[in-house]
Amino acid sequence: SSDLSNADKGVDKLKSYQEQFGSGLIPSASRIKAEMFFNHAKIFQRLTPIYLLSGLILLMFIFAKMVKSNLRIGLVTKIVLGLNLIAFLIHTGGLGLRWYISTHAPWSDGYESMIYIAWAIALSGIFFSRQSIVSLALTSILSGVTLFVAHLSWMDPQITNLVPVLKSYWLNIHVSVITASYGFLGLCALLGFFTLLLFILKKANSTDKRNIEIERNIVEATRINEMAMILGLSLLTIGNFLGGVWANESWGRYWGWDPKETWALVSILFYAAIVHFRFVPKLSSPFVFAVASTVAFASIIMTYFGVNFYLSGMHSYAAGDPVPVPAFVYYTI
């Protein structure tokens with residue numbers, strides 16, 4: 001009969017019953033409205049092309065300047081920096097909105113940590129933008145790629161309740177610090193890869209303007225790379241110690257050689273060795289540093305993805321058979 005009046009009355013009775021006896025559990029009207037807005041806005045999906053395109057455009061102009069040294073790219077740099085600042089502020093607002101809706105820090109699962117890592121990568125690029133426009137271009141691209149990966153079908157974006165072990169203020173402290181380090185170390189890998197491309201383009205024993213511009217960019221990228229690595233390593237090390245304190249509170253021990261703990265330590269040792277290369281005469285060169293900073297990021301990938309999905313432990317998301325390795329991983333390697 002298409003008469004829904006009785007159904008509406010039933011729903012209203014159910015709603016009033018829930019508000020009377022379950023008011024402490026039901027999300028407030030403002031949080032429900034915020035979640036509806038969040039779902040319709042699709043903040044992080046819409047930021048993906050902004051980060052990607054702005055970074056790619058700036059990178060193309062940087063390469064064009066190497067070919068034609070008198071090319072002025074100041075205006076393009078300002079526009080891209082402005083776009084990245086606006087995108088970063090919207091990104092920050094999106095994280096804050098998700099925090100308000102879920103009532104916990106937005107880095108509690110795989111999807112949330114990916115969008116937070118993208119935020120940290122964007123922050124590292126803006127942080128070093130005054131010293132190097134290359135950093136701004138590369139981090140903008142990587143932020144876009146990270147957000148793109150976060151929205152692939154095998155990542156779950158839904159807002160859920162926290163598992164009991166994560167219901168701690170240490171979630172805000174430990175995870176935010178150690179995950180932020182991935183952003184700076186990701187910048188190191190990009191700068192290392194960019195430097196290796198410059199070595200390919202550089203001509204041996206040549207003093208033309210193009211070669212001088214390439215050499216200047218190699219020195220600049222290496223300098224920023226080392227600064228970013230020191231920052232990233234510091235955050236990674238501090239985060240690891242904070243994790244030990246949380247482990248003692250949760251599990252009654254500071255260190256247990258859990259796969260995640262072990263690989264975090266492996267990552268620290270790798271990067272600690274690389275930042276000391278400049279004290280070893282045979283390893284003190286931009287080329288060796290570029291190779292090492294590019295390859296070392298594999299330890300972070302293993303710590304973040306490999307342990308979570310392929311090794312069982314206290315930090316692991318793995319259950320039963322491992323998740324199949326996506327085909328693009330093999331192509332990337």
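At what angle do the axes of helix α3 (residues 43–67) and helix α7 (residues 170–201) cross, and within what distance do they come? In this predicted model, the two axes come within 13 Å and cross at roughly 30°. Angles under 35 degrees count as roughly parallel, and α3 is therefore roughly parallel to α7. The crossing of these two helices is right-handed.

Helix α7 also packs with helix α8 (residues 209–251). Here the axes lie 7 Å apart, at an angle of about 160°. The cut-off for roughly antiparallel is an angle over 145 degrees. The pair α7 and α8 is therefore roughly antiparallel. The crossing of α7 with α8 is left-handed. Helix α7 thus takes part in both pairs: with α3 the crossing is right-handed, and with α8 the crossing is left-handed. Two numbers serve to describe such packing: the angle between the helix axes and the distance between those axes.

The chain as a whole provides the setting for these pairs. Its secondary structure consists of eleven helices and zero strands. Read from the N terminus, the order of elements is α-α-α-α-α-α-α-α-α-α-α. The C-alpha trace spans about 85 × 50 × 35 Å along its principal axes. The protein chain has 333 residues, and 43% of them are buried.

One residue of α7 illustrates the buried class. S176 lies in this helix. Its relative accessibility is 13%. Buried means under 20% relative accessible area, so S176 counts as buried. Y111 stands 65 residues from S176 along the chain. The C-alpha atoms of S176 and Y111 are separated by 14 Å.

The surface carries a nonpolar patch. Four side chains form this patch: I50, L75, I79 and L83. Together these residues have about 370 Å² of accessible area. Helix α4 (residues 74–102) makes the most of the contribution, giving three residues to the patch. L83 of the patch lies in helix α4. The relative accessible area of L83 is 39%. Partly exposed residues fall between the limits of 20% and 50%, so L83 is partly exposed. S176 in α7, by contrast, is buried.

Definitions and conventions
Residues numbered from 1 in each chain as written. Predicted model: local features only at pLDDT ≥ 70, side-chain atom pairs only at ≥ 80, totals over all residues. Heavy atoms only, no water. Patch = residues over 30% accessible without salt bridge, like charges linked within 9 Å, V, L, I, M, F, W, Y side chains within 5 Å. Areas by Shrake-Rupley, 256 points an atom, 1.4 Å probe, with all protein chains shown as cover. Helix = DSSP H or I, 4+ residues; strand = E, 2+ residues; numbered from the N terminus. Buried < 20%, exposed > 50% of the residue type's maximum accessible area, 1.4 Å probe, protein only. Axes fitted to C-alpha atoms, helices over the stretch in contact; angles between N-to-C directions. Parallel < 35°, antiparallel > 145°, perpendicular 65-115°, else oblique. Left-handed = near helix turned anticlockwise from the far one by under 90°.
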